[in-house]
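Visitor: Please put the structure up, and then let me ask how its descriptions are justified.
Guide: Gladly; here it is.

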Amino acid sequence: MSTRIAFLKGHGTENDFVIVPDPENVIDLPPAAVAALCDRRAGIGGDGLLHVVRSAAHPEAKDMASDAEWFMDYRNGDGSIAEMCGNGVRVFARYLQRAGYATEGDLAVATRGGVKTVHLAKDGDVTVGMGKALLPEGDVTVSVGERSWPARNVNMGNPHAVAFVDDLAHAGDLYSAPPFSPASAYPDGVNVEFVVDRGPRHVALRVHERGAGETRSCGTGACAVAVATARRDGADPAATGAPVTYTVDVPGGTLVITERPDGEIEMTGPAVIVAEGEIDAEWLETFVR
């Protein structure tokens, strides 16, 4: 390991990430090292880490290399591996643009949730093709304190439980994961979204992200919420033949989610790089050993 490792810091609607460029996949980033980097007091600080690797250089992405040059090796803030992060993909694409690996227009990004199509617009917004939602059958309940709500089970490449509430304050502090049942619905844990209506096709959410706690935004969560709300509202695009768009307010800003009749979902929002610097490799190695 060199004595200095380059990093950047970025966010998408204030869902923030440490970005570690590593095209040839030579930097060892075990869970303890990722958690240390994402620590907001003793590290750089972030909801997660974006490890930027060429698909051909990563064993989990080699099969996608012909479709996408770059792989988003995404880690949660606690160091655990996640399948997908919608805000992370936008920030990942913005980094590729900043580094000269991408230009305005379309590009493909490999993720553990499959290859995602990204569009870098001239106005600065980034649109991500998030794929199709799966709606597993079965009743799910989430709880906070003495309150419980039925939740819609939505999978966006990662699991979500979407609960409609009267007041976002009912979600509590979201420091710890809200209990859910049955346990068999989410054997590996779940992202939980609490949702209120703001107007026609306009909702707001708070979210507890698996491995991160409450975050300022969750891209896959916003998509899951739009899908769940559309079904609640009787606006299933597959049934109506017309796309449906929801504005989703998150604590860190606003995302626009569109579901098409073919089931494909697009998410549009900002992505910002705010800083870059160097990590002391000797410090990082104390978490690698």
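Visitor: What makes the span of H3 agree with that of a helix?
Guide: The expected span of a helix is 1.5 Å times one less than its number of residues, so the 14 residues of H3 should span 20 Å, and its end C-alpha atoms are indeed 20 Å apart. Helices here are DSSP runs of H or I with at least four residues, strands are E runs of at least two, and both are numbered from the N terminus. This is a predicted model, in which local features need pLDDT of at least 70 and side-chain atom pairs count only at pLDDT 80 or more, while totals for chains, interfaces and linings use all residues. Residues are numbered from 1 along each chain as its sequence is written, and side-chain values use heavy atoms, with hydrogens and water left out.

Visitor: Why is H3 called largely enclosed by the rest of the structure?
Guide: Because 13 of its 14 residues are buried, where buried means under 20% relative accessible area, exposed over 50% and partly exposed in between, with a 1.4 Å probe and protein chains only. Just after H3, Gly234 takes a positive phi of about 70°.

Visitor: How many cavities of 30 Å³ or more does a search of the whole structure find?
Guide: The search finds two, a cavity being a set of points, on a 1 Å grid over the protein atoms alone, where a 1.4 Å probe fits but cannot get out, with lining residues having an atom within 4 Å of a point. The volumes are about 60 Å³ for the largest and about 30 Å³ for the second largest, each being the space filled by probe spheres set on grid points joined across faces, edges and corners.

Visitor: Which element gives the most to the lining of the second largest cavity?
Guide: That is H3, with four residues. The lining includes Cys223, Val244 and Ile257, and by class it has seven nonpolar, one polar and one charged residues; Ala, Val, Leu, Ile, Met, Phe, Trp, Tyr, Cys and Pro count as nonpolar, Asp, Glu, Lys and Arg as charged, and the others, Gly among them, as polar.

Visitor: Why is the sulfur of Cys223 too far from the closest cysteine sulfur for a bond?
Guide: A disulfide is a pair of cysteine sulfur atoms within 2.5 Å, and the sulfur of Cys223 is 8.7 Å from its closest counterpart, in Cys218, so the distance is too great for a bond. Cys85, one of the residues lining the largest cavity, has its sulfur 6.6 Å from that of Cys218, also too far. The whole structure has zero disulfides.

Visitor: What makes Cys223 count as buried?
Guide: Its relative accessibility is 0%, so Cys223 counts as buried, and Cys85 does so at 3%.

Note on methods: On a 1 Å grid over the protein atoms alone, a cavity is a set of points where a 1.4 Å probe fits but cannot get out, and a pocket is an open set with protein on both sides within 12 Å along at least five of seven lines; lining residues have an atom within 4 Å of a point.
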